[in-house]
Amino acid sequence: MVEISERMECLYSGSVEQHGESYRIEVPQNEMQNGSVVAGETYRVAILSTEQTGEESNSPSQSSSNTSESTTQSPPVEQGDKRTLTIESVGDQGDGIAKVERGYVVIVPGARPDDEVEVEIQNARENVAFAEVIETTSSTADEEA
C-alpha cells in the first residue's frame, strides 16, 4: 500500500508525454477549477506504477488508448453513498482525509484525525471523492472536553 502524504493537494491518473527535450504531465481541468492546483505554482509530483496489483499493466508497448481502458477501475464509492469512516489525517486546506478500499482517498471538510463520521459522498472522481458529514459518531473534540 502506498503512503499518502498529509500535504497532498490532489490525486489523479495521467500520462507522461514528451515535448521536445522535456516531458509533461497534464493536470485535469477539474483540479484547476476546484483550486487544488494553481497555474504558475511549483508542486512536487509523485509517479506511481500502475503495476502494483499485477492485474494492471502500463508497459510502453501498449498504445495510450489501450492503456487508459485497461487500467481504469471505477471508484469504490459513488455519489449518494453513505459510509462510516475514520479520519486518518488533515490536508493542507484543513479537510479530513480518510481512505477506503484500494487506498482510495475521501476528503471530508470539517473532520479531524481520529473522528469517526458518517458521510454522504457528494462527488466521486477516478482517484478521490468529496463527502459531507451527516453525523459524528466519535470525535477527538469529545475526548478533549
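Start by selecting Glu101 and Arg83: their side chains meet in a salt bridge, with N and O 3.2 Å apart. Glu101 sits in the loop between β5 (96-99) and β6 (105-108), while Arg83 belongs to strand β3, so this pair ties together parts that are 18 residues apart in sequence. Colour the two by accessibility if you like: Glu101 is partly exposed, at 39% relative accessible area, and Arg83 is partly exposed too, at 21%. Keep in mind as you go that this is a predicted model.

How many salt bridges does a search of the whole structure find? It finds two, and your next stop is the pair Glu88 and Lys99, whose closest N and O atoms are 3.7 Å apart. Here the link runs between distant parts of the chain, eleven residues apart: Glu88 is in the loop between β3 and β4, and Lys99 is in strand β5. Glu88 counts as partly exposed, with 45% relative accessibility. Lys99 is partly exposed as well, and its relative accessible area is 25%.

Now switch to a cartoon view and take in the whole protein chain. You should be able to pick out three helices and eight strands. Walking from the N terminus, you meet the elements in the order β-β-α-α-β-β-β-β-β-β-α.

Next, select the open sheet. Six strands build it, in the order β3-β7-β8-β6-β5-β4, with mixed pairing. Which strands lie at the edges? They are β3 (82-86) and β4 (89-90), each of which pairs on one side only.

Stay in the sheet and highlight residues 116-124, strand β7, together with residues 128-138, strand β8. These two strands run antiparallel and are joined by eight bridges. To see one of the partnerships, click on Glu116, whose bridge partner in β8 is Ser138.

For the next stop, turn on the surface and select Val16, Tyr23, Ile25, Val45 and Ile47. Together they form a nonpolar surface patch with about 520 Å² of accessible area. Zoom in on one of its members, Val45, in the loop between α1 (29-33) and α2 (64-71). Is Val45 buried or exposed? Its relative accessible area is 56%, so Val45 counts as exposed.

Finally, zoom out again. The accessible surface of the protein chain comes to about 9900 Å², and carbon and sulfur atoms hold 43% of that. Of the 145 residues in the chain, 26% are buried. Among contacts with a separation of 6 or more, 43% are between residues 24 or more positions apart.

Conventions
Residues are numbered from 1 along each chain as its sequence is written. This is a predicted model: local features need pLDDT of at least 70, side-chain atom pairs count only at pLDDT 80 or more; totals for chains, interfaces and linings use all residues. Side-chain values use heavy atoms; hydrogens and water are left out. Patches are made of residues with over 30% relative accessible area and no salt bridge: like charges are joined within 9 Å, nonpolar side chains (Val, Leu, Ile, Met, Phe, Trp, Tyr) within 5 Å. Accessible areas come from the Shrake-Rupley method with a 1.4 Å probe; for residues, only the protein chains shown count as cover. A salt bridge is a side-chain nitrogen of Lys or Arg within 4 Å of a carboxyl oxygen of Asp or Glu. Helices (H or I, at least four residues) and strands (E, at least two) are DSSP runs, numbered from the N terminus. Buried means under 20% relative accessible area, exposed over 50%, partly exposed in between (1.4 Å probe, protein chains only). Contact means heavy atoms within 4.5 Å. Two strands pair if DSSP finds at least two bridges between them.
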